[in-house]
Amino acid sequence: MENYYEILGVARDATQQDIKKAYRQLAKKHHPDLNKGSSESEKVFKKVYEAYQTLSDTTSREAYDARLHAQKGNTAHSNGTYEQKREQQVNYQEFDIRQMEKNFENFFGFNPKTKKMTPKMEDRNNKNPVDTSAIFESFFNVRKK
């Protein structure tokens with residue numbers, strides 16, 4: 001994931017005016033009309049434009065900042081030793097093949113051997129927890145008789 005702040009040359013806490021000013025300077029410098037035949041300038045201009053589009057809109061900037069923060073957190077955790085990584089993996093719930101029926105029941109809402117639905121699925125009053133007849137009927141314009 002590219003760091004749009006570095007591309008524009010602004011700090012992460014930059015104001016909208018700072019971002020706009022940096023964008024205009026870089027866009028003018030790398031614009032394809034001013035640098036005819038330079039594919040490198042064209043690539044830089046596209047990156048600058050993409051960075052400006054993301055950072056100029058408040059909601060997309062907040063989403064981008066969240067993704068950037070999450071990515072930095074993941075890279076910090078990936079530098080650990082083998083033992084630390086194994087310990088992190090053990091903390092996740094592992095899939096156990098011996099509990100296949102329970103896993104199936106949790107995912108689909110009924111037990112394949114006993115044919116009993118979970119209480120959550122019984123509340124829906126559906127005979128089939130994966131009822132796709134409405135989707136089929138609407139897609140093919142077919143009605144049951």
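# Questions on a predicted helical model

Trainee: Which residues of the largest nonpolar core touch the most other members?
Mentor: This is a predicted model. Its largest nonpolar core holds 17 residues. Those that touch the most other members are Tyr5, Leu8, Val10, Ile19, Tyr23, Leu55 and Tyr64.

Trainee: Which helices each supply at least two residues of this core?
Mentor: In general, nonpolar side chains in soluble globular proteins tend to be buried together. In this core, at least two residues come from each of four helices, namely H1, H2, H3 and H4.

Trainee: Which residues does Tyr23 touch, not counting residues up to four places away in sequence?
Mentor: Tyr23 is one of the core residues that touch the most other members. A contact here needs heavy atoms within 4.5 Å. Leaving out residues up to four places away in sequence, the partners of Tyr23 are Leu8, Val48, Tyr49 and Tyr52.

Trainee: How many helices and strands does the protein have?
Mentor: From the N terminus on, the elements run α-α-α-α-α-α-α-α. The secondary structure therefore comes to 8 helices and 0 strands.

Trainee: What share of the 145 residues in the protein is buried?
Mentor: A residue is buried when its relative accessible area is under 20%. Of the 145 residues in the protein, the buried ones make up 20%.

Trainee: Is Leu68 buried or exposed?
Mentor: Leu68 is found in helix H4. Its relative accessible area is 4%. The cut-off for burial is under 20%, so Leu68 is buried.

Trainee: What separates the C-alpha atoms of Leu68 and Tyr4?
Mentor: Leu68 touches Met1, Asn3, Tyr5 and Arg12, not counting residues up to four places away in sequence. Leu68 and Tyr4 are 64 residues apart along the chain. The separation of their C-alpha atoms is 9.7 Å.

Trainee: Which backbone oxygen lies 3.1 Å from a polar atom of the side chain of Thr54?
Mentor: Thr54 lies in helix H3 and is buried, with a relative accessible area of 15%. Not counting residues up to four places away in sequence, Thr54 touches Tyr4, Ser60, Arg61 and Tyr64. The backbone oxygen 3.1 Å from a polar atom of its side chain belongs to Glu50.

Trainee: How many salt bridges does the count come to?
Mentor: Side chains of opposite charge can pair when their charged atoms come close. A salt bridge needs a side-chain nitrogen of Lys or Arg within 4 Å of a carboxyl oxygen of Asp or Glu. By this rule the count is 3.

Trainee: How many residues apart are Glu2 and Lys47, whose side chains meet in a salt bridge?
Mentor: The N to O distance between Glu2 and Lys47 is 3.5 Å. Glu2 sits in the segment before helix H1, Lys47 in helix H3, and the pair links distant parts of the chain. Glu2 is partly exposed at 37% relative accessibility, and Lys47 is partly exposed at 39%. Along the chain, Glu2 and Lys47 are apart by 45 residues.

Trainee: Which residue forms a salt bridge with Asp65?
Mentor: The closest N and O atoms of this pair are 3.9 Å apart. The pair links helix H4, which holds Asp65, to the loop between H1 and helix H2, 53 residues apart. Asp65 counts as buried at 19% relative accessibility, whereas its partner counts as partly exposed at 36%. The partner is Arg12.

Trainee: What separates Glu42 and Lys46 in helix H3?
Mentor: The side chains of Glu42 and Lys46 meet in a salt bridge with an N to O distance of 3.6 Å. Glu42 counts as partly exposed at 36% relative accessibility, while Lys46 counts as exposed at 52%. Because the two are 4 residues apart in helix H3, their separation is about one helical turn.

Trainee: What is the count of buried residues among the 8 residues of H8?
Mentor: Helix H8 is hardly covered. Phe136 lies in this helix and is partly exposed, with a relative accessible area of 47%. The count of buried residues in H8 is 0.

Trainee: Which residues make the nonpolar surface patch of about 450 Å²?
Mentor: Phe136, a residue of helix H8, is one of the members. The full set is Phe136, Phe139, Phe140 and Val142.

Conventions
Residues numbered from 1 in each chain as written. Predicted model: local features only at pLDDT ≥ 70, side-chain atom pairs only at ≥ 80, totals over all residues. Heavy atoms only, no water. Buried < 20%, exposed > 50% of the residue type's maximum accessible area, 1.4 Å probe, protein only. Polar contact = N/O pair within 3.5 Å; in protein donor to acceptor, adjacent residues only side chain to side chain. Patch = residues over 30% accessible without salt bridge, like charges linked within 9 Å, V, L, I, M, F, W, Y side chains within 5 Å. Areas by Shrake-Rupley, 256 points an atom, 1.4 Å probe, with all protein chains shown as cover. Core = buried A, V, L, I, M, F, W, Y, C linked by side-chain atoms within 4.5 Å.
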